[in-house]
Amino acid sequence: MNAEETDYDLLYNPRMMVRNYQEVFDRWDRESERARASLDCYLDVPYGAAASERLDLFRAKGRSRGLVMYIHGGYWRSQDKKRYSFVAPALVETGITVAVVDYALCPSVQVADIVMQMVQASAWLYRNGPNFGAQAARLGVCGHSAGGHLAAMMLACRWPEYSPDLPEKVVTGSLSISGVYDLTEIVEVPSVNCDVRLTEKAALKVSPAFMPPATDAPLYTAVGSEETGGFHIQNRLIAERWAEVHREDIPCPGKNHFTVLDELCIPGTLLFNRVQDMMRP
């Protein structure tokens, strides 16, 4: 796109377009507090040495069929795992163990550092999930917005190069909701890049659209029909670039950048069902 003719803030900053986003956040906070109070969970479990490298793990009801790592959004610069415990209740009822992970935030770190934290968290869950009742070797990743970008990046990781004890396919599938895959676009978004501080070169290095998937693990994508144009552009791009592993683009009619995430928590919706699919052998 021609940056001189395009308002990238309107394309890529959903808080500018969704007036009641704070009401949605407040509801998520209330639902998350109830989830932590009612579910069998382990809070602030360290997956690394840094203070930001913590996760909340929610045990499945009955025998676990697999483990899903959920990565929150916030454009790599805001929010934390506590707001997103609400994704766990419906999934744990179906026998899925859920880990909601935290990471360090820009501008104190770079996006590349956050990517490596998610690699570390994935490896930790692969190795330690069975200690929390999760089925071994069945780790799916789900993320929203910036978390959707990070979820896709986990499918591009060459795991044995990170650690020789890991297999080629640590992650068995990924669901990316409202993700960003070409981060050179974010360089042009003043209201975001003021904190994220990406350069063109740095953005290319962390853009899944410009790297191959490392295995045949499937990628599912979704974007709300009411989202701003940038997220629809990104969604089409990764479907084209990763056609060999892109399993499905999941329609979410009537949903904006924030309400689309609610679909993950309602049994019977397409998003909820695709998480179930990722847990099948």
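Q: In which sense do strand E3 and strand E4 pair in this predicted model?
A: The model is predicted. Strand E3 covers residues 66-71, and strand E4 covers residues 96-101. The two are joined over 6 bridges. Their pairing sense is parallel.

Q: Which residue in E4 stands opposite Tyr70?
A: Tyr70 falls within strand E3, residues 66-71. Its partner belongs to E4. The residue opposite is Val100.

Q: What is the order of the strands in the open sheet?
A: The sheet is open and holds 8 strands. Its pairing is mixed. E3 and E4 contribute a parallel pair. The order reads E1-E2-E4-E3-E5-E6-E7-E8.

Q: Which are the edge strands?
A: An edge strand here pairs on one side only. The strand order begins with E1 and ends with E8. The edges are therefore strand E1 (41-46) and strand E8 (246-252).

Q: What does the twist average from one strand to the next?
A: The sheet has 8 strands in an open arrangement. Going from one strand to the next, the average twist is 20 degrees.

Q: What angle does the direction of helix H4 make with that of E3?
A: Helix H4 spans residues 111-128 and packs on the sheet. It touches E1, E2, E3, E4 and E5. Against the direction of E3, the helix runs at about 160 degrees.

Q: How many residues apart in sequence are the parts that Glu93 and Lys61 tie together?
A: Glu93 and Lys61 form a salt bridge, with the closest N and O atoms 2.7 Å apart. Glu93 sits in helix H3 (residues 88-93), whereas Lys61 lies in the loop between E2 and E3. The pair therefore links parts separated by 32 residues.

Q: Is Glu93 buried or exposed?
A: The cut-off for exposed is over 50% relative accessible area. Glu93 has 52%. Its partner Lys61, at 42%, is partly exposed. Glu93 itself counts as exposed.

Q: Is Glu263 buried or exposed?
A: Glu263 forms a salt bridge with Lys255, the closest N and O atoms being 3.7 Å apart. Lys255 is partly exposed at 22% relative accessibility. Buried means under 20%. Glu263 has 17%, so this residue is buried.

Q: Which residue forms a salt bridge with Glu161?
A: The closest N and O atoms of this pair are 3.0 Å apart. Both residues are exposed. The partner of Glu161 is Arg158.

Q: How many salt bridges does a search of the whole structure find?
A: Glu248, Arg274, Asp277 and Arg280 are linked in a network of salt bridges. Glu248 lies within strand E8 (246-252). Over the whole structure, the count is 14.

How values were computed. Residues numbered from 1 in each chain as written. Predicted model: local features only at pLDDT ≥ 70, side-chain atom pairs only at ≥ 80, totals over all residues. Heavy atoms only, no water. Helix = DSSP H or I, 4+ residues; strand = E, 2+ residues; numbered from the N terminus. Axes fitted to C-alpha atoms, helices over the stretch in contact; angles between N-to-C directions. Contact = heavy atoms within 4.5 Å. Salt bridge = Lys/Arg side-chain N within 4 Å of Asp/Glu carboxyl O. Buried < 20%, exposed > 50% of the residue type's maximum accessible area, 1.4 Å probe, protein only.
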